[in-house]
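Here is a friendly walk through one protein model, in questions and answers. Have a look at the structure first.

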Amino acid sequence: MKLAILSAAIAGASAFAPSTTAPQLTALRMSEVEEVAAPVAAVEEVAEPAMPEAELVTPLNYWVPDESAPCFGLPGAVAPLGFFDPLGFSKGKDVDGVKRLREAEVMHGRVAMMATVGYLVGESTPTITYGMDVHHTIANNQIPEVPGTVLFPFFLAINIAEAARAATGWVEPGLGPLFTLRKTYYPGDIGFGAGFKPTNAKDFNTMQTKELQNGRLAMLAAAGMCVQEQINGKGILENLGF
């Protein structure tokens, strides 16, 4: 009897005790738990370093500066000497420095070509200054004999031409470094004689080289004429027996 009463009491107490059975998870609940529990590997996007864009260089009279070539590839080197710079004037120069040297060479060559012709014409043919009489004063001594009324317009024309050349090819003072050519200016190309300019790179390089070679020869010739007249006081043709 006592055993029956004890069994009934235990059964009644267990009815009010909390259940210890683990709750069952549904399929949806399990998927949510797995998503939370599973670590998501964060993929960091590594930004690739931006490659510098190649600077676009506009060809100037078909010329594009080439750092691997003497004088950045400007025309003028011909056989048998090839590139001739024994004193190293162009060594270590950047593009602007090389362009300025070429500008000086071209302009001095053009002046020398006119001077060479001027020596011969001024000494041996009728001129505006001396009229129809052939004056045999050597060219070195003719400037003091020319009247000021002739010299003034002559030097004025030279100044106007030089000012126009400077405005075309050179950077204005205060707008950049001194003695700097414009980026878009090709040395010596002031727009004069554009109708004779070749229309392809090969022909242009050939014509430019011819001008440079004639200018170089004329610089030597003008210097030789000046020295020869100072030494013996004779005109160029007179010294040759004419």
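Buried means under 20% relative accessible area, exposed means over 50%, and partly exposed is in between (1.4 Å probe, protein chains only). This is a predicted model, where local features need pLDDT of at least 70, side-chain atom pairs count only at pLDDT 80 or more, and totals for chains, interfaces and linings use all residues. Residues are numbered from 1 along each chain as its sequence is written, and side-chain values use heavy atoms, with hydrogens and water left out.

Q: Is Phe154 buried, partly exposed or exposed?
A: The relative accessible area of Phe154 is 48%. With that value, Phe154 counts as partly exposed.

Q: What kind of aromatic pair do Phe154 and Phe155 form?
A: Rings of Phe, Tyr and Trp (its six-membered ring) pair if their centres lie within 6.5 Å; planes under 30 degrees apart count as stacked, over 60 as edge-to-face and the rest as tilted. The ring centres of Phe154 and Phe155 are 5.5 Å apart. Their planes stand at 70°, so the pair is edge-to-face.

Q: How many residues apart in sequence are the parts tied together by Tyr186 and Phe204?
A: Tyr186 and Phe204 form an edge-to-face aromatic pair, 5.6 Å centre to centre with 75° between the planes. Helices (H or I, at least four residues) and strands (E, at least two) are DSSP runs, numbered from the N terminus. Tyr186 lies in the loop between α4 (148-169) and α5, and Phe204 lies in helix α5, so the parts that the pair ties together are apart in sequence by 18 residues.

Q: Is Tyr186 buried or exposed?
A: Tyr186 has a relative accessible area of 4%. Because of that value, Tyr186 is buried.

Q: Which residues form one aromatic cluster with Tyr186 and Phe204?
A: One residue of the cluster, Tyr62, is found in the loop between α2 and α3. Tyr62 has a positive phi of about 70° although it is not a glycine. Joining Tyr186 and Phe204 in one aromatic cluster are Tyr62 and Trp63.

Q: Is Asn61 buried or exposed?
A: Asn61 is placed in the loop between α2 and α3, and has a positive phi of about 50° although it is not a glycine. Its relative accessible area is 14%, so Asn61 is buried.

Q: Which residue does a cis peptide bond join to Ala79?
A: The bond has an omega of about 5°. The partner is found in the loop between α2 (27-37) and α3 (95-124). Joined to Ala79 by this cis peptide bond is Pro80.
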